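Here's a quick briefing to read with the model open beside you. It takes the helices, then the sheet, then the chain contact.

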Amino acid sequence: MRLSLKHLLPIKVMLHLLAILPFCYLLFTVLSERAGGDPVQYIIHYTGMGALNALVAVLLVSPIAKRFKLGVLMQTRRLLGLYVFGYASLHIFSFLSLDLLFEWQLLASEIVKRPYILVGASGYLILVLLAVTSFNRIRRKMGRSWQNLHNSIYLLALLAPIHFYWSVKSEVIEPSIYLGIFICLLIVRFKSAKLVKKTNVASKKVKVV
Amino acid sequence: MKSTKFGKIKSASSWNEKENSVTPEGVFNDRRNIIKALGLGAIGASIPGHVQAGLFELFGENKAVDPFVTQVLDFTKNSAFGLKETLTPMQKVITHNNFYEFGTSKTDPVDNAQGFKVDPWVLKIEGLVDNPLTLDLDDLTKLFALEERIYRLRCVEAWSMVVPWVGFSLALLLKKAGVKSSATHVAFETLFDPDQMPGQKSRLMGGGIHYPYIEGLRLDEAMNDLSFMAVGLYGKTLPAQNGAPIRLVVPWKYGFKSIKSIVRIRVMDKQPPTSWNQLAANEYGFYANVNPEVDHPRWSQATERRIGEGGIFSATRIATKPFNGYGEQVAHLYKGMDLSRFY
């Protein structure tokens, strides 16, 4: 199937719905008391998983677009990326408000004492930079450095699952799976980047001849 | 938030007045049922049975399992173990549990333990005792006069509750079995029954613990007045998710020491292995005394989130006390010990 620009709007609407639905489900479970007597940990975990899943989705876009020649899809990356930022913000806000109850001093000491929080906080810093520079105007202004900055999403793709893996008490299977997924997504990129280099070199040789 | 509707249980001058005002279990169950009826009954009316079951699974409910039955207990309130602190409402005590045998999330136990069978039950007290005991379900509530004690419960994850337990002193049980003079430690073991406990069947659900779950105390810790065998909470027998039919409660230690659904108590002459210590010895020691000075390697233990009444924004952060505030009763047990080494 060929996708053209006129398909972009329905695709975007669908992605918005898919991304908002889990948040509605969270509201439903918490408000209807299905999330247990003290849903704080549940909310923090759930929003964190939301950010992680949205990050997987962002990183899936370009391999899918390349493999199936659906270039239009590349334009959904900002939308998805902003949902990563949105869920990560909810994740951090719920940790601050519901778990730490806005005790800033505690936050400072926790960041120092809990290495996985430091990892998560670094990841969030990257996300803030990417979100702030996601406007077209800023992007144009930044020129080439925009792409360099936005390549740091690959660093985030390592920090996020490490943060998850490090934070759990003993249930390491799920975080291990996520770590594996992100590593695969990075390897796919690394390979195709190499391939592009090779073909570039090859075509240059042809020109010389 | 709905939970703000739960009765006011502000600390009164007399600790035993408080729980009358807590939402009765019946009303709580009704509420869950009403939500089910409203939320899913309407959708589900025209959907075939197996699809409905799937729907309930989607919402973390167990399909077609009758709720676990609890019974009213006869007991006296032990005023020596009262607290002037706000009780954690029963609804929170029974829906926020760490019981990895039923899954690792806080709501897995209440969702997955409703079909748990405690009858028949066998609890053996054996090892270095003069009269090994084999107790059945009835014995657990009839062997000793039951008393109610209100204890703080401090989880190693830095949240805490205040719970009115019903049960008897562990020392009574050990004295009945007659501890031999060579004994130094007591080991405890949770039921191993993967058919009933999905966490024991699947590593993914059980969080990687080597089952059966085992715990242990030094003999002098076990004989301390505070060490309690709980058979109930809030005046009724224990719900399955809280460790029915019998569990240990050692309130000056982190919650994971208070082992649930016990089938074996073994008096020994050496320190027994314990489950969390086996899994991560650098994070969980044998003693696991509540200690704000000694941080868990991955988080601080200086403060705790007290889960009280009201909605999710009503919790408070309070300073954690050494031995969870029971220093007067137990600090002497650890005289001369370096508690940062024996954590």
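The expected span of a helix is 1.5 Å times one less than its number of residues. Keep that in mind for the helix check below, and bear in mind that this is a predicted model.

**Helix H8 of chain A**

- Helix H8(A) covers residues 153–167, and its 15 residues should span 21 Å at 1.5 Å a residue. The C-alpha atoms at its ends do sit 21 Å apart, so the model agrees with the expected span.
- Which residues of H8(A) are buried? They are Leu156(A), Ala157(A), Leu159(A), Ala160(A), Pro161(A), His163(A) and Phe164(A).

**The H1–H2 pair of chain A**

- Helix H1 (residues 5–31) and helix H2 (residues 40–67) of chain A pack with their axes 11 Å apart, at an angle of about 170°.
- Angles over 145 degrees count as roughly antiparallel, and H1(A) and H2(A) are therefore roughly antiparallel to each other.
- On the H1(A) side, Ala19(A), Pro22(A), Leu26(A) and Val30(A) do the touching, and they meet Ile43(A), Tyr46(A), Gly50(A) and Ala54(A) of H2(A).
- Sorted by class, that contact has 7 nonpolar residues, 1 polar and no charged ones.

**The five-stranded sheet of chain B**

- Chain B has an open sheet of 5 strands, in the order S3-S2-S11-S6-S7, and the pairing is mixed.
- S3(B) and S7(B) (214–218) are the edge strands; each has a single partner strand, so one side of each is left without a neighbour in the sheet.
- Going from one strand to the next, the twist averages 15°.
- At one edge, S2(B) (residues 122–127) runs antiparallel to S3(B) (residues 133–136), with 4 bridges joining them. A hairpin of 5 residues links S2(B) to S3(B), and Val122(B) stands opposite Asp136(B).
- At the other edge, S6(B) (residues 185–190) and S7(B) pair in the antiparallel sense over 5 bridges. Here Glu189(B) is opposite Ile214(B).

**Where chain B touches chain A**

- The contact draws 32 residues from chain B and 25 residues from chain A.
- On the chain B side, the elements giving two or more residues are helices H1 (25–44), H3 (90–93) and H8 (203–206), plus strand S12 (303–306).
- H3(B) supplies the largest share of that side, with 3 residues.
- By class, the chain B side divides into 11 nonpolar, 13 polar and 8 charged residues.

How values were computed:
Residues are numbered from 1 along each chain as its sequence is written. Chains are lettered from A and ligands numbered from 1 in the order in which they are written. This is a predicted model: local features need pLDDT of at least 70, side-chain atom pairs count only at pLDDT 80 or more; totals for chains, interfaces and linings use all residues. Two strands pair if DSSP finds at least two bridges between them. Two residues are in contact if their C-beta atoms, placed from the backbone, lie within 7 Å. Ala, Val, Leu, Ile, Met, Phe, Trp, Tyr, Cys and Pro count as nonpolar, Asp, Glu, Lys and Arg as charged, and the others, Gly among them, as polar. Axes are lines fitted to C-alpha atoms, for helices over the stretch in contact, and angles run from 0 to 180 degrees between N-to-C directions. A residue is buried if 20 or more other C-beta atoms lie within 10 Å of its own, exposed if 12 or fewer, and partly exposed in between; C-beta atoms are placed from the backbone. Angles under 35 degrees count as roughly parallel, over 145 as roughly antiparallel, 65 to 115 as roughly perpendicular and the rest as oblique.
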